[in-house]
Amino acid sequence: MASTTATVDLPVPPDRVWQLIGGFDALPDWLPYISESVATEGGRVRRLRNEEGGVIVERLVAFDDAAHSYSYAILDAPFPVTDYLSTLRVREVPGRSDASRVEWSGEFTPTGVSDDEAVALFHGIYADGLAALRNTLADRAA
């Protein structure tokens, strides 16, 4: 099993960041390469469409509003992995109630590619996503 984590610190309180990203169906609100999210099964499954028209289906497996985190598994996607489990978490930067640390992590079993290739793929997705989150928050503050 391989894993990776990307983190970003933001000059925004954790509650405000979580308000934007905490909904399992909220990716299109802050992630530009996800153009659509359709919730099914009472909001526990999301069907995402990316900017190229590809479809990714994910299931919510844990949600903790108070701790500002959720975890999800991929049910169907064009990625070279199985057993994918990811967590998105927002915390306070230690000693700074006005700043957030957002962590996006995942573990998975590569199939048909090396561990390093799969880690690079998902680390890039997470890092790009967190950069998009930073930009979205900056645009909304302006």
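A pair of strands, in what follows, means two strands with at least two DSSP bridges between them. Keep that in mind for the first stop, and remember throughout that this is a predicted model.

**Stop 1: the β4–β5 hairpin**

Select β4 and β5. Four residues sit between the strands of this hairpin, and His 68 has a positive phi near 55 degrees. The pairing here is antiparallel and runs over seven bridges. Want some rungs to click on? Leu 60 stands opposite Tyr 72 in β5, and Phe 63 has Tyr 70 of β5 as its bridge partner.

**Stop 2: back one strand, to β3**

Now add residues 45–50, which make up β3, and keep residues 55–64 of β4 in view: the two strands are antiparallel and joined by five bridges. Pick Arg 46, and you'll find its bridge partner in β4 is Glu 58. Which residue in the turn of this hairpin has a positive phi? Gly 53 does, at about 95 degrees, and four residues separate β3 from β4.

**Stop 3: forward to β6 and β7**

Go back to β5 and bring in β6. These two make a hairpin as well, with four residues between them, and five bridges hold the antiparallel pair together. Tyr 70, which you clicked earlier as the partner of Phe 63, is also bridged to Leu 88 in β6.

Next, show β7. How many bridges join β6 to β7? There are 11, and the strands run antiparallel. The turn is a two-residue one, where Gly 95 has a positive phi of about 80 degrees. Beside that turn, Val 93 has Arg 96 of β7 as its bridge partner.

**Stop 4: the whole sheet**

Zoom out and colour the strands. You are looking at an open sheet of seven strands in the order β1-β7-β6-β5-β4-β3-β2, paired antiparallel. Find the edges: they are β1 (2–10) and β2 (34–40), each with a single partner strand, so one side of each has no neighbour in the sheet. Ignoring direction, neighbouring strands are turned by 25 degrees against each other on average. While you have the side chains on, it helps to know that in a regular strand they alternate between the two faces of the sheet.

**Stop 5: the helices on the sheet**

Select α1. This helix packs on the sheet, where it touches β1, β4, β5, β6 (81–93) and β7 (96–110), and its direction makes about 145 degrees with that of β6. Now select α3, which lies across β1, β6 and β7 and runs at about 15 degrees to β1.

How do the two helices sit against each other? α1 (residues 14–21) and α3 (residues 115–141) pack at an angle of about 105 degrees, with axes 12 Å apart. Angles of 65 to 115 degrees count as roughly perpendicular, and α1 and α3 are therefore roughly perpendicular to each other. To see the contact, show Arg 16, Val 17, Leu 20 and Ile 21 on α1, then Leu 133, Thr 136, Leu 137, Arg 140 and Ala 141 on α3. By class, that gives six nonpolar, one polar and two charged residues.

**Stop 6: the largest pocket**

Finish with some empty space. Rolling a probe the size of a water molecule over the atoms is a way to show where such space is left. The largest pocket has a volume of about 200 Å³. Which of its 17 lining residues are closest to the centre? Select Tyr 33, Ile 34, Ile 56, Phe 79 and Ile 125. The elements that give two or more residues to the lining are β3, β4, β5 and α3. Colour the lining by class and you get 14 nonpolar residues, one polar and two charged.

Definitions and conventions:
Residues numbered from 1 in each chain as written. Predicted model: local features only at pLDDT ≥ 70, side-chain atom pairs only at ≥ 80, totals over all residues. Heavy atoms only, no water. Axes fitted to C-alpha atoms, helices over the stretch in contact; angles between N-to-C directions. Parallel < 35°, antiparallel > 145°, perpendicular 65-115°, else oblique. Contact = heavy atoms within 4.5 Å. Nonpolar A, V, L, I, M, F, W, Y, C, P; charged D, E, K, R; others polar. 1 Å grid on protein atoms, 1.4 Å probe; cavity = no way out; pocket = protein on both sides within 12 Å on 5 of 7 lines; lining within 4 Å. Points joined across faces, edges and corners; volume = space filled by probe spheres on them.
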